[in-house]
Amino acid sequence: MQFIQLVISGLAQGCIYGLIALGFVLIYKATETVNFAQGELLMIGAFAGLFASTVLGLPYWLALVAAMIATAIVGFGLERVVLRPILGQSAVSIVMVTIGIGYMSRGLITMLPVVGTDTHTLPVPFRGEVFRVGGLVISAEHIVIIVTTIVLCALLAALFRYTKVGVAMQAMSQNQLAAYYMGIPVKRLSSLVWAIAAAVAAIAGILLAPLTFIHANMGLIGIKAFPAAVIGGFTSLPGAIVGGLIIGVVEQLAGFYLIEGFKDAAPFIVVLAMLVFKPNGLFGERLAKKV
């Protein structure tokens, strides 16, 4: 029973990792850019939700929507103002820019007088509630995280399968130049992808807030989400969620059954093993280059 309890907790935490990894994959598939500021977008979304809830007085679910919209605008602006002017430069340059965005975001948040380096609590209507199923005790926070992740994944799947915008995004992810010649507005779609990835990060931040509180360094969780994207395959959206679930469960089991210190190291041990035995990830595309 204890093992099942740990697995459920790991699945809830893994959903958070999976949502962040989903942002990594969305941006990479559309623009071939690795956004190492994805965790900081989560942090911005969490603070936006806190502002909407405590200052504007919005209920939890409306605060979630407001945080999504605000963070999507930030992601859209980052692509337009910061990333687009350096497209065509080396991949290292773009990666360094995203890392710099992350550091600047954390610094700017700590400079706000009402925020600083303090931790903040997001008021949620289900805090402290638990559900008992047999001998299991499942917190409402974990249930909300898992259910919200499932609903979000279904909505994204419907977007990419049944809408013209989603189909155009898939075409762009396959070949940007060919999509451009077919009349697809590649630049506008790139901005939209960044906005969607930022909104997903905001959802992850709001879901994570009841578990770890809100603070300037909460975006560092993106470091653990990156292995989730690698494990699932960096070009697979379902793989990002599966990779996140694997990382979450492994982390929980390692933290309980193994000696202290293995909990934080476990995700990276798993990703190293994956790179050795299956470099493309569980669902990644097999790429080959002729020379």
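## Pocket lining, aromatic pairs and a buried arginine

Me: In this predicted model, how many nonpolar, polar and charged residues are in the lining of the largest pocket?
Reply: The model is a predicted one, and the lining of its largest pocket can be divided by residue class. Taken by class, that lining has 11 nonpolar, 10 polar and six charged residues.

Me: What is the volume of the largest pocket, and which residues are the closest to its centre?
Reply: The volume of the largest pocket comes to about 700 Å³. Its lining is made up of 27 residues, and those closest to the centre are Ala30, Thr31, Glu32, Met172 and Gln176.

Me: Which elements give two or more residues to the lining of the largest pocket?
Reply: The elements concerned are spread along the chain and include α1 (2-31) and α3 (60-83). With the others added, the elements that give two or more residues to this lining are α1, α3, α6 (164-174), α7 (176-181) and α8 (186-212).

Me: How many aromatic pairs are there, and why is the pair of Phe24 and Phe226 edge-to-face?
Reply: The count comes to nine aromatic pairs. In the pair of Phe24 and Phe226 the ring centres are 5.5 Å apart, and because planes over 60 degrees apart count as edge-to-face, the angle of 80 degrees makes this pair edge-to-face.

Me: Where in the chain are Phe24 and Phe226, and which aromatic cluster has Phe24 in it?
Reply: Phe24 is in helix α1 and Phe226 in helix α9 (residues 222-232), so that the pair links parts of the chain 202 residues apart. Phe24 is buried, at a relative accessible area of 2%, whereas Phe226 is partly exposed, at 25%. Both rings belong to one aromatic cluster, formed by Phe24, Tyr28, Phe36, Phe226 and Phe234.

Me: What are the distance of the centres and the angle of the planes for the rings of Tyr60 and Phe126, and are these two residues buried or exposed?
Reply: The ring centres of Tyr60 and Phe126 are 5.4 Å apart and the planes stand at 85 degrees, so this pair is edge-to-face. Tyr60 is in helix α3, while Phe126 is in the loop between α4 (91-111) and β1 (130-133), 66 residues apart. As for accessibility, Tyr60 and Phe126 are both buried.

Me: Which ring has Arg106 over its face, and is Arg106 buried or exposed?
Reply: Arg106, which has its place in helix α4, lies over the face of Tyr103, at 4.6 Å from the ring centre. The relative accessible area of Arg106 is 13%, and because a value under 20% counts as buried, Arg106 is buried.

Me: Which residues, leaving aside neighbours within four places in sequence, are in contact with Arg106, and what separates the C-alpha atoms of Met43 and Asn217?
Reply: Beyond those neighbours, Arg106 is in contact with Glu40, Met43, Ala216, Asn217 and Leu220. Met43 is in helix α2 (residues 38-54), is buried with a relative accessible area of 0%, and has contacts of its own that include Ser105, Arg106, Ile109 and Ala216. Although Met43 and Asn217 are 174 residues apart along the chain, their C-alpha atoms are separated by 7.6 Å.

Me: What is phi of Phe213, and where is the place of Phe213?
Reply: Phe213 has its place in the loop between α8 and α9, and is partly exposed with a relative accessible area of 38%. Phi of this residue has a positive value, in a residue other than glycine, and is near 65 degrees.

Note on methods. Residues are numbered from 1 along each chain as its sequence is written. This is a predicted model: local features need pLDDT of at least 70, side-chain atom pairs count only at pLDDT 80 or more; totals for chains, interfaces and linings use all residues. Side-chain values use heavy atoms; hydrogens and water are left out. On a 1 Å grid over the protein atoms alone, a cavity is a set of points where a 1.4 Å probe fits but cannot get out, and a pocket is an open set with protein on both sides within 12 Å along at least five of seven lines; lining residues have an atom within 4 Å of a point. Grid points are joined across faces, edges and corners, and a volume is the space filled by probe spheres set on the points. Helices (H or I, at least four residues) and strands (E, at least two) are DSSP runs, numbered from the N terminus. Ala, Val, Leu, Ile, Met, Phe, Trp, Tyr, Cys and Pro count as nonpolar, Asp, Glu, Lys and Arg as charged, and the others, Gly among them, as polar. Rings of Phe, Tyr and Trp (its six-membered ring) pair if their centres lie within 6.5 Å; planes under 30 degrees apart count as stacked, over 60 as edge-to-face and the rest as tilted. Buried means under 20% relative accessible area, exposed over 50%, partly exposed in between (1.4 Å probe, protein chains only). A charge sits over a ring if NZ of Lys or CZ of Arg is within 6 Å of the ring centre and within 35 degrees of the ring normal. Contact means heavy atoms within 4.5 Å.
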